[in-house]
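Here are a few warm-up exercises to work through with the model open in your viewer. Try each task before you read the solution.

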Amino acid sequence: LYLMRRRSFGNHIYEVRLKKDVRQLVLRGYWDSGNQLRDPYTGQGVNILCHTKAKQFLDETKDRIRLVPYRSLGEQEGLLGVTDVDELILCDGDARVKIGHAAIGIADPGLLERKEYDLILHASVL
């Protein structure tokens, strides 16, 4: 049962590239059909990036961060810091899915650390 669940889980992990200005970050993203969070200001689906990777990739002096309200299990009224990247590229074998001006939420510290992935992809990405 564990191996079957592990195999199923592994099928939802993809290589993802984030690009912003001249910066680029390559990481592993988990496609989560339950991630339905949308930015109410732009209507974009929000992908959620690990706090540690966000600190490495984002520039606090240049990147504009807006607060987006959300609800999740255990959190009735939260605010998530969200910024836009120039491009999100999801690699699925030879196929590539490119999303321009993708919304990236910054996870709370510890939420995604020590996982097999660094980014939770929005359900609409695939």
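**Exercise 1: two loop residues**

Task: place R114 and D21 in the fold, then look at their phi angles and exposure.

Solution. Start with R114, which is found in the loop between β6 (95-106) and β7 (119-121); strands here are DSSP runs of E with at least two residues, helices are runs of H or I with at least four, and both are numbered from the N terminus. Its phi is near 65°, a positive value in a residue other than glycine. R114 has a relative accessible area of 85%, so it is exposed (exposed is over 50%, buried under 20%, partly exposed in between, with a 1.4 Å probe and protein chains only).

Now D21: this residue sits in the loop between β1 (13-20) and β2 (23-31). D21 also has a positive phi without being glycine, near 55°. Its relative accessibility is 53%, so D21 counts as exposed.

A word on the source: this is a predicted model, so local features need pLDDT of at least 70 and side-chain atom pairs pLDDT 80 or more, while totals for chains, interfaces and linings use all residues. Residues are numbered from 1 along each chain as its sequence is written, and side-chain values use heavy atoms, leaving out hydrogens and water.

**Exercise 2: the whole chain**

Task: write down the order of elements and check the chain against the globule rule.

Solution. Count first: there are 2 helices and 7 strands. Read from the N terminus, they run α-β-β-β-α-β-β-β-β. Next, the rule (2.2 Å times the number of residues to the power 0.38, over C-alpha atoms) puts a compact globule of 126 residues near 14 Å, and the chain agrees because its radius of gyration is 14 Å. Finally, 41% of the 126 residues are buried.

**Exercise 3: the cores**

Task: find the best-connected residues of the largest nonpolar core, and list what L27 touches.

Solution. A nonpolar core is a set of buried Ala, Val, Leu, Ile, Met, Phe, Trp, Tyr and Cys residues joined through side-chain atoms within 4.5 Å. The largest has 19 residues, and V16, L18, L27, L49, L88, L119 and L121 touch the most other members. At least two residues each come from β1, β2, α2 (51-57), β5 (75-92), β6 and β7.

Zoom in on L27: beyond its neighbours within four places in sequence, it is in contact (heavy atoms within 4.5 Å) with Y14, E15, V16, L18, L49, D118 and L119. A second, separate core has 15 residues, including V46, C50, V82 and I120.
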